[in-house]
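Let's take a friendly walk through this structure, one part at a time. Please have the viewer ready so that you can follow along.

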Amino acid sequence: MKTAAAIGMAAAIVVAVVVANDQMREDNPDPTQAAMTAAAPTDENGLPTLNLPEPERAEEPETTGDGECRADRGDQKSGAGVIAAFNHAYYIQRNGEAARALATPTSSVQPAPELQKFIDAVPVGTNYCIRTMKLSDGVYLVDLSLMKPGQPVDRGTQTVTTQQTDGRWFVDVFK
């Protein structure tokens, strides 16, 4: 009984709104008013829905490609490029001086002689690949996969901060 009364009340309100809208259209032929009083689309429950335009696509985060893992020589033309160059010097060239040269003077990267000790501890024949995702200017999330001979893939992530100096990019902080 209460439901029937509520439906009847709702129907009466709808009729009153439609009649008022019709009178407003006759009294005020302003096209903006007509647009405001036009019937709104409804969903399957009879509730009004909004017809919003499709949202513009947000800028995609800078990555190494479609999730691809890279193990190239890299470069100093971008933050992601210098991260690739550092890893190439570390795992492929196995050269502490070359890797350290890609870091800022105040970097958290160890001096070349200490860095070389870490490199020498990595088994010869170790391969790697990295995926980088730009988090903000100069800051990247790096997913590193190490393939040591005869061992399962060792995977880890770290945040790497890079810095541009005199038009070239350098690694700065590894966390």
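**A pocket, a sheet and a few residues to look at**

Helix 3 is the biggest contributor to the lining of the second largest pocket, giving four residues. Keep in mind that this is a predicted model. The space in this pocket comes to about 250 Å³. Two elements each supply two or more residues to its lining: helix 3 (79-93) and helix 5 (112-120). If you want to select the whole lining in your viewer, pick Phe86, Asn87, Tyr90, Tyr91, Val109, Gln110, Leu115, Phe118, Leu144, Gln158 and Phe174. Sorted by class, these lining residues are eight nonpolar and three polar, with no charged residues.

Now turn to the sheet. It is open and has four strands in the order 1-2-3-4, paired in the antiparallel sense. Strand 1 (127-136) and strand 4 sit at the edges, each pairing on one side only. From one strand to the next, the twist averages 35°. As a reminder, the strands of a sheet pair through backbone hydrogen bonds, in either a parallel or an antiparallel way. Helix 3, which you met at the pocket, lies across strand 1, strand 2, strand 3 and strand 4, and it runs at about 155° to strand 1.

Let's follow the pairing along the sheet. Strand 2 (residues 139-147) and strand 3 (residues 154-165) run antiparallel and are joined by eight bridges. Two places help you to see how they line up: Leu141 stands opposite Thr159 of strand 3, and Leu146 stands opposite Asp154 of strand 3. These two strands form a hairpin with six residues between them, and in its turn Gly150 has a positive phi of about 70°.

Moving on, strand 3 pairs with strand 4 (residues 168-174), again antiparallel, over six bridges. Here Gln164 has Trp169 in strand 4 as its bridge partner. The hairpin made by strand 3 and strand 4 has two residues between the strands.

Asp166 is worth a stop, and its place is the loop between strand 3 and strand 4. Its phi is positive, near 50°, although Asp166 is a residue other than glycine. Why does that catch the eye? Most residues other than glycine have a negative phi. Is Asp166 buried or exposed? With a relative accessible area of 80%, Asp166 counts as exposed, because the cut-off for that class is over 50%.

Another residue with a positive phi is Arg94, at about 55°, and Arg94 is not a glycine either. You can find Arg94 in the loop between helix 3 and helix 4. Its relative accessible area is 21%, so Arg94 is partly exposed, given that buried means under 20%.

Finally, look at Thr104, in the loop between helix 4 (96-100) and helix 5. Is Thr104 buried or exposed? Thr104 has a relative accessible area of 3% and is therefore buried, as this is under 20%. Which residues does Thr104 touch, once its neighbours within four places in sequence are left aside? The contacts of Thr104 are then Gln163, Phe170, Val171 and Asp172.

Technical notes: Residues numbered from 1 in each chain as written. Predicted model: local features only at pLDDT ≥ 70, side-chain atom pairs only at ≥ 80, totals over all residues. Heavy atoms only, no water. 1 Å grid on protein atoms, 1.4 Å probe; cavity = no way out; pocket = protein on both sides within 12 Å on 5 of 7 lines; lining within 4 Å. Points joined across faces, edges and corners; volume = space filled by probe spheres on them. Nonpolar A, V, L, I, M, F, W, Y, C, P; charged D, E, K, R; others polar. Buried < 20%, exposed > 50% of the residue type's maximum accessible area, 1.4 Å probe, protein only. Contact = heavy atoms within 4.5 Å. Pairing = 2+ DSSP bridges. Axes fitted to C-alpha atoms, helices over the stretch in contact; angles between N-to-C directions.
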